[in-house]
Amino acid sequence: MRIGLLASNPDLYSNQRIMEAGAERGHRMSFLDIRQCYMKLDANDPEVHYRDGRILNNLDAVIPRIRPSQTFYGCALTRHFESISVFALNGSSSISQSRDKLFSLQLLQQAGLNIPTSGFANSPVDTNELIEMVGGAPLIVKLLEGTQGRGVVLAETRKAAESVINAFKALKANLLVQEFIREAEGKDLRLFVIEGKVVASIQREAAPGEFRANIHQGGTASVVKVTPDEKRLAVKAAKALGLKVAGVDIIRSKKGPLLLEVNSSPGLEGIESATRKDVAGSMIASIEKALKWRPAANNGAADR
């Protein structure tokens, strides 16, 4: 098959592994810089062009790996591929709603899945009510546009919470206020879900003096045995957002497992390094299954 990886940085570990995994399974892989793609909208002859002169309509599938700053254009590009019958491993609408922290929490809540108590308001006038809503300080303040742990602040006192919330509001930033799960002790779980199955899982632990367990914030990853309830929660979360591939972040609390976030472009380095599992290969296998690709029948993917 001809598979395009829609991303920004060809040197990123995750992107390199996906390219390698596809090639190892016999597919013709193309790294496609999202910024170098452009679209022709036409009722009779819609096309996707690349800056080097290629027309990309003959791709069998694309794997969107869209960085947050490129969500609008990346999703529009993925949508255009979908409109010309190119299979997308994660669909444009699913990526869009997973990137909106508020919308995704609303969808998870609607599906009856457990999330930390969270508050959202439009005006600084409601700051005190938001703080009370999540049980007071300490609490977490999250920018809706943040990712990889950036834009997430721990406010340890009420006064600090008021200052952070009001400062963000003064900048016209949209934010969530969320209860702080003290008993998690700076640890969370990352479960990698592909086509309704947890294929790998790790525990992430925050660096000393840090409360965010994200690998990009200095956190460390280790193999962990997750419970059946945690697996079910991760699978249901990916399904609720319509994601075929998802990195589901769960925190262990006194109330049981709680969903923190569902990532539509989860990183591979931490989870593959810790578990020694070929997660990238599982992603390619998911495309093969969806498109009913059989190597023997096709006599090699490059011939398609």
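## Close-up views of a predicted model

**View 1. Cys75 is a buried residue, with a relative accessible area of 2%.** Welcome to this predicted model. Cys75 counts as buried because its 2% falls under the 20% cut-off. Another cysteine to look for is Cys37, which is also buried, at a relative accessible area of 3%. As a reminder, a disulfide is a covalent bond between the sulfur atoms of two cysteines. If you are setting up bonds, note that the structure holds zero disulfides.

**View 2. Strands E3 and E4 form a hairpin.** Here we stay with the stretch that holds Cys37, since strand E3 covers residues 37–40. Its partner, strand E4, covers residues 47–50. The two strands run antiparallel and are joined by four bridges, and six residues lie between them in the hairpin. For a handy landmark across the pair, find Met39, which stands opposite Val48 in E4.

**View 3. The second largest pocket has a volume of about 160 Å³.** Strand E12 (residues 197–205) gives the largest share of the lining of this pocket, with four residues. Val198, Val199, Ala200 and Ser201 are among the lining residues. The list also includes Val223, Val224, Lys225 and Val226, along with Lys231, Thr275 and Lys277.

**View 4. The lining of the second largest pocket mixes three residue classes.** Let's take the same pocket by chemistry. Six of the lining residues are nonpolar, two are polar and three are charged. When you browse the side chains, lysines to pick out in the lining include Lys225, Lys231 and Lys277, while Ser201 and Thr275 also belong to the lining.

Methods
Residues numbered from 1 in each chain as written. Predicted model: local features only at pLDDT ≥ 70, side-chain atom pairs only at ≥ 80, totals over all residues. Heavy atoms only, no water. 1 Å grid on protein atoms, 1.4 Å probe; cavity = no way out; pocket = protein on both sides within 12 Å on 5 of 7 lines; lining within 4 Å. Points joined across faces, edges and corners; volume = space filled by probe spheres on them. Nonpolar A, V, L, I, M, F, W, Y, C, P; charged D, E, K, R; others polar. Disulfide = S-S within 2.5 Å. Buried < 20%, exposed > 50% of the residue type's maximum accessible area, 1.4 Å probe, protein only. Pairing = 2+ DSSP bridges.
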